[in-house]
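Subject: Structure handover

Hi,

Here is the structure I promised to pass on to you. Please open it alongside this message so that you can follow the residues as you read.

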Amino acid sequence: MILYLFPIFISWTIGFLIIDVLFPRNKRPDFYVHLFLGLGLGIGISSHLLFYCFAVFNELSKPAINLAHLVLLICLILIRNSMNKKNSPEVSRKGMIESPQNNLALLMIGFALIPTIYQAFFYPMGGWDAWSVWNLKARFLFLGKTQWRAMFDPVLWRSSPHYPLLLPLMNVWGWIGYKNPTPIVPLWNSLLFTFLTGGFLFSVLRRSVSVLLSTAAVLLLFTLPYFTKLASSQYCDIVLAFYLLCALACLVMAIRDDSKQFAAVAGISLGFLGFTKPEGLIAVGLIVFSSLFFLWNKGQSINKQSLIGFLLAGLGVGLLPVFLFQLYFAPANQTFINGLVSSQKPSNPARLQMILAFFLVELKSTKWNGLWITLAIGMLLSMNRCFHKSIRIVPICLGLYLLIVGFYYYINTYFEITWWLKVSLSRILFAVIPSFVFWIFDTIGLLDRWPGRRE
C-alpha cells in the first residue's frame with residue numbers, strides 16, 4: 001500500500017504547490033478546494049512528466065521520472081518561498097478545517113464510498129475495457145521497454161490504439177515503486193478519482209450553498225448503484241468526469257471572482273481532459289470555443305476579458321502532450337466510417353431516429369433510479385437561475401457536448417447503432433453527471449429565498 005501512496009503523495013504535493021504559486025496568498029482557494037483540486041492537478045502533472053520521459057527516452061526510465069519530479073518539486077518550493085516573502089497577508093483557512101459541519105460532511109461522504117470500495121474489490125480486474133484497453137496500455141508502457149509503441153499497431157484495433165494515454169500513465173505512475181504491474185493500482189486509482197470527484201463537487205458547492213445541500217449532491221451520486229459500478233470499473237470515464245467538472249467549475253469561479261488564477265487552472269484541467277479520451281478532446285474544443293465567445297462578450301469588464309489569456313495559457317501547458325501524442329504517436333482511428341460519404345454504410349434517417357429514441361429511453365431507464373428526473377425537478381426549482389449569467393456557460397457546454405456526441409453516433413457508421421448505443425451511451429451520460437449535479441445544485445443556491453445561501 002505504501003508503494004502506491006508515496007507517488008500519490010508526491011503528486012498531491014506538486015499540485016498543492018502549483019496552486020500556492022498560481023494564487024496570491026490573500027486569494028488562495030479555501031482548504032477543501034485546495035485539497036481536492038491540488039491532488040487532481042498533481043496526478044495530471046505526474047502523468048504528463050511520464051509522457052515526456054517516454055517521448056525522450058523511448059522507455060520507462062524510472063530514474064529520469066523520479067528526477068523530473070524532484071526537480072519540479074524543488075523549483076515549486078523555491079518559487080513558493082520567494083513569493084511568501086512578500087507582504088500580502090495569507091487568508092486563514094483554519095475555520096474551514098475545524099468546522100464540525102465540514103468534517104462531518106466529508107466523513108459521511110467517505111462512508112458513502114464503502115459500497116463502491118466493496119464493489120471494486122468484488123471485481124478486482126475491472127470491467128471489459130479496463131483490461132482490454134486501459135490496463136493493457138499501461139502494461140505496454142510498464143513492461144514493453146523500447147517496444148512500448150507496439151500498442152499502436154492497427155492489429156490491436158479492439159483496444160482502441162488511437163485513444164490518449166492519461167489513465168494508463170496514471171497507472172504506471174502508481175506502479176513506479178513496484179517490480180510488477182499489480183492489479184491493485186488501477187483499482188485504487190478508480191476509487192481515488194471517485195472520491196476526488198465527490199470531494200471536489202462538495203468543495204465547490206460549499207461556495208454557494210449550505211453544507212447540507214453540498215453533501216446531498218455528493219450522496220446523490222454515491223448512493224446510486226449504477227454510478228458506483230461504472231466509477232469502480234477502472235474505466236477512463238471517471239477520470240474524464242473529474243476533469244470535466246474541474247474545468248467547468250473553475251470557469252464558473254473565474255467568472256464570478258474575476259479570477260485569472262482559476263481561469264488558468266481551468267485551462268490546465270482542459271488539457272488533462274483532452275488527454276483522457278477522444279470525447280474529452282471534443283469537450284475541450286466546445287468549452288474553449290464557448291468560453292472565448294462568452295468571455296469576449298462580457299464587455300463590461302476588461303478584467304473579465306483578460307481571463308481569456310490566462311485560460312489559453314493554462315490550456316497551452318495542459319494540452320501540449322495531447323498535441324505531441326496526436327502528431328507523433330497516435331495511429332488513425334480504425335473504427336471510423338464517414339456515413340455522410342459512404343455508399344456501403346450511409347447515415348440514414350433510421351439511424352438518427354434510433355439515436356434520438358435511445359437517448360430518451362436511456363434517460364428514463366430504471367438503472368439511473370430517477371436521477372435525471374431529480375435533476376429536472378431541481379432545474380424547475382431553480383427557475384430561470386439555471387441560466388444565470390454567472391453559470392450559463394455550464395449548460396451551454398454540456399448541451400453542445402451531448403449534441404456533438406449524438407452527431408458522432410450518426411456520422412460514424414462503423415458499428416451497428418443499436419449495439420453501440422447499448423454499450424457506450426450510459427458511459428457518456430455517466431461522465432457528465434457530476435457536472436450536471438454541480439450546475440443544478442449551484443443554481444438552487446442562487447435563490448435568494450434559500451436559507452443556506454451564502455453571500
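Below is what turned up in it, starting with the pocket and ending with the backbone.

One thing to keep in mind throughout: this is a predicted model.

**The largest pocket**

You will probably want to begin here. The largest pocket has a volume of about 1,300 Å³. Its lining is made of 43 residues, and those nearest the centre are D129, Y163, V423, S424 and R427. By type, the lining divides into 23 nonpolar, 13 polar and 7 charged residues.

Which helix gives the most to the lining? That is α19, with 7 residues. Helices that each supply at least two residues are α6 (114-122), α7 (128-143), α11 (225-231), α14 (278-296), α18 (393-411) and α19 (417-444).

**Salt bridges**

A search of the whole structure finds 9 salt bridges. Here are three of them, with the closest N to O distances.

- E362 and K367 meet through their side chains at 3.1 Å. E362 is buried, because its relative accessible area is 5% and the cut-off for buried is under 20%. K367, at 26% relative accessibility, counts as partly exposed.
- D20 and R28 form a salt bridge at 3.5 Å. D20 has a relative accessible area of 1%, so it is buried. R28 counts as buried too, at 8% relative accessibility.
- D237 and K277 pair up with their closest N and O atoms 2.9 Å apart. D237 lies in helix α12 (residues 237-257), while K277 is in the loop between α13 (260-274) and α14, so this pair ties together parts that are 40 residues apart in sequence. Both D237 and K277 are buried.

The D237 and K277 pair also belongs to a wider arrangement: salt bridges that share partners join D129, D237, K277, E279 and R427 into one network. Two members of that network, D129 and R427, are also among the residues nearest the centre of the largest pocket. If you look at the pocket and the network in one view, these are the residues to pick out in both.

**A nonpolar patch on the surface**

L67, L70, V71, I74 and L78 make a nonpolar surface patch of about 460 Å². Of these, L78 lies in helix α3, which covers residues 62-84. L78 counts as exposed, because its relative accessibility is 56% and exposed means over 50%.

**Two backbone angles to look at**

Most residues other than glycine have a negative phi. Two residues here go the other way:

- N58 is not a glycine, yet its phi is positive, at about 60°. N58 sits in the loop between α2 (31-57) and α3. Its relative accessibility is 26%, so N58 counts as partly exposed.
- K145 also has a positive phi, near 50°. This residue is found in the loop between α7 and α8 (166-174). Is K145 buried or exposed? K145 counts as exposed, because its relative accessibility is 60%.

So both of these angles fall in loops, one between α2 and α3 and one between α7 and α8.

That is everything for the handover. Do write back with any questions once you have had a look.

Best wishes

Methods:
Residues are numbered from 1 along each chain as its sequence is written. This is a predicted model: local features need pLDDT of at least 70, side-chain atom pairs count only at pLDDT 80 or more; totals for chains, interfaces and linings use all residues. Side-chain values use heavy atoms; hydrogens and water are left out. Patches are made of residues with over 30% relative accessible area and no salt bridge: like charges are joined within 9 Å, nonpolar side chains (Val, Leu, Ile, Met, Phe, Trp, Tyr) within 5 Å. Accessible areas come from the Shrake-Rupley method with a 1.4 Å probe; for residues, only the protein chains shown count as cover. A salt bridge is a side-chain nitrogen of Lys or Arg within 4 Å of a carboxyl oxygen of Asp or Glu. Helices (H or I, at least four residues) and strands (E, at least two) are DSSP runs, numbered from the N terminus. Buried means under 20% relative accessible area, exposed over 50%, partly exposed in between (1.4 Å probe, protein chains only). On a 1 Å grid over the protein atoms alone, a cavity is a set of points where a 1.4 Å probe fits but cannot get out, and a pocket is an open set with protein on both sides within 12 Å along at least five of seven lines; lining residues have an atom within 4 Å of a point. Grid points are joined across faces, edges and corners, and a volume is the space filled by probe spheres set on the points. Ala, Val, Leu, Ile, Met, Phe, Trp, Tyr, Cys and Pro count as nonpolar, Asp, Glu, Lys and Arg as charged, and the others, Gly among them, as polar.
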